[in-house]
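Colleague: I am new to this structure and would like to learn how to read its features one at a time. Could you take me through them, giving the general idea before each case?

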Amino acid sequence: MDLGFLTDYYVPVVVVACLIVGYIIKTSLDFIPNKYIPLILAVLGAVVGCVANSSIDLNTIVYGAFSGLASTGLHQAFTKIVEREDN
């Protein structure tokens with residue numbers, strides 16, 4: 001299964017913004033459980049995506065939310081690579 005088409009829907013600004021916010025939530029805000037971080041980043045990604053594109057429509061919201069969730073996956077992949085190199 002080729003998932004290459006998914007790269008067409010990434011919004012790099014949203015991914016970076018959500019990656020930073022997700023890292024801050026994970027490391028600094030202990031009162032927020034880790035299970036809620038993807039939800040927070042999906043909502044944040046949808047909002048930042050609408051602001052970045054200066055429009056509110058279904059495509060912008062979905063692409064922003066997808067980019068917010070992609071930042072969660074990017075963080076997990078980076079963490080696994082770093083942990084593997086440490087061992």
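Modeller: Let us begin with how elements are named: helices and strands are DSSP runs, numbered from the N terminus, a helix having at least four residues. With that numbering, S54 can be placed in the loop between helix 2 and helix 3. Please keep in mind throughout that this is a predicted model.

Colleague: Which elements does the protein chain contain, and in what order do they run?

Modeller: The protein chain has three helices and zero strands, so that, read from the N terminus, the order is α-α-α.

Colleague: How should I read the confidence, and where is it lowest and highest among these elements?

Modeller: As a general caution, predicted coordinates should not be read in detail where pLDDT is low. Here the protein chain averages a pLDDT of 85, with 86% of the residues scoring at least 70. Confidence is highest in helix 2, at 93, and lowest in helix 3 (residues 58-86), where the mean is 86.

Colleague: What is notable about the phi of S54?

Modeller: In general, most residues other than glycine have a negative phi. The phi of S54, however, is near 55°, which is a positive value in a residue that is not glycine. This serine is also exposed, its relative accessible area being 67%.

Colleague: Is T60 buried or exposed, and what does it contact beyond its neighbours in sequence?

Modeller: The cut-off for buried is under 20% relative accessible area, and T60, at 7%, therefore counts as buried. T60 is found in helix 3, and, leaving aside neighbours within four places in sequence, it is in contact with G49, C50, N53 and S55. In addition, the side chain of T60 makes a polar contact with the side chain of D57, at 2.4 Å. T60 and V11, although 49 residues apart in sequence, are 9.6 Å apart in space, taken from C-alpha to C-alpha.

Colleague: Which residues form a nonpolar patch on the surface?

Modeller: The patch consists of Y36, L39, I40, V43, V47 and V51, which together have about 550 Å² of accessible area. V51 is found in helix 2 (residues 37-53), and because exposed means over 50% relative accessible area, V51 counts as exposed at 62%.

Colleague: How much of the whole protein chain is buried, and how much area does it expose?

Modeller: Buried residues make up 25% of the 87 residues, while the protein chain exposes about 6,100 Å², with carbon and sulfur atoms supplying 67% of that area.

Notes:
Residues are numbered from 1 along each chain as its sequence is written. This is a predicted model: local features need pLDDT of at least 70, side-chain atom pairs count only at pLDDT 80 or more; totals for chains, interfaces and linings use all residues. Side-chain values use heavy atoms; hydrogens and water are left out. Patches are made of residues with over 30% relative accessible area and no salt bridge: like charges are joined within 9 Å, nonpolar side chains (Val, Leu, Ile, Met, Phe, Trp, Tyr) within 5 Å. Accessible areas come from the Shrake-Rupley method with a 1.4 Å probe; for residues, only the protein chains shown count as cover. A salt bridge is a side-chain nitrogen of Lys or Arg within 4 Å of a carboxyl oxygen of Asp or Glu. Helices (H or I, at least four residues) and strands (E, at least two) are DSSP runs, numbered from the N terminus. Buried means under 20% relative accessible area, exposed over 50%, partly exposed in between (1.4 Å probe, protein chains only). pLDDT is the predictor's confidence in each residue, from 0 to 100. Contact means heavy atoms within 4.5 Å. A polar contact is a pair of N or O atoms within 3.5 Å; within protein, one must be able to donate a hydrogen and the other to accept it, and residues adjacent in sequence count only if both atoms are side-chain atoms.
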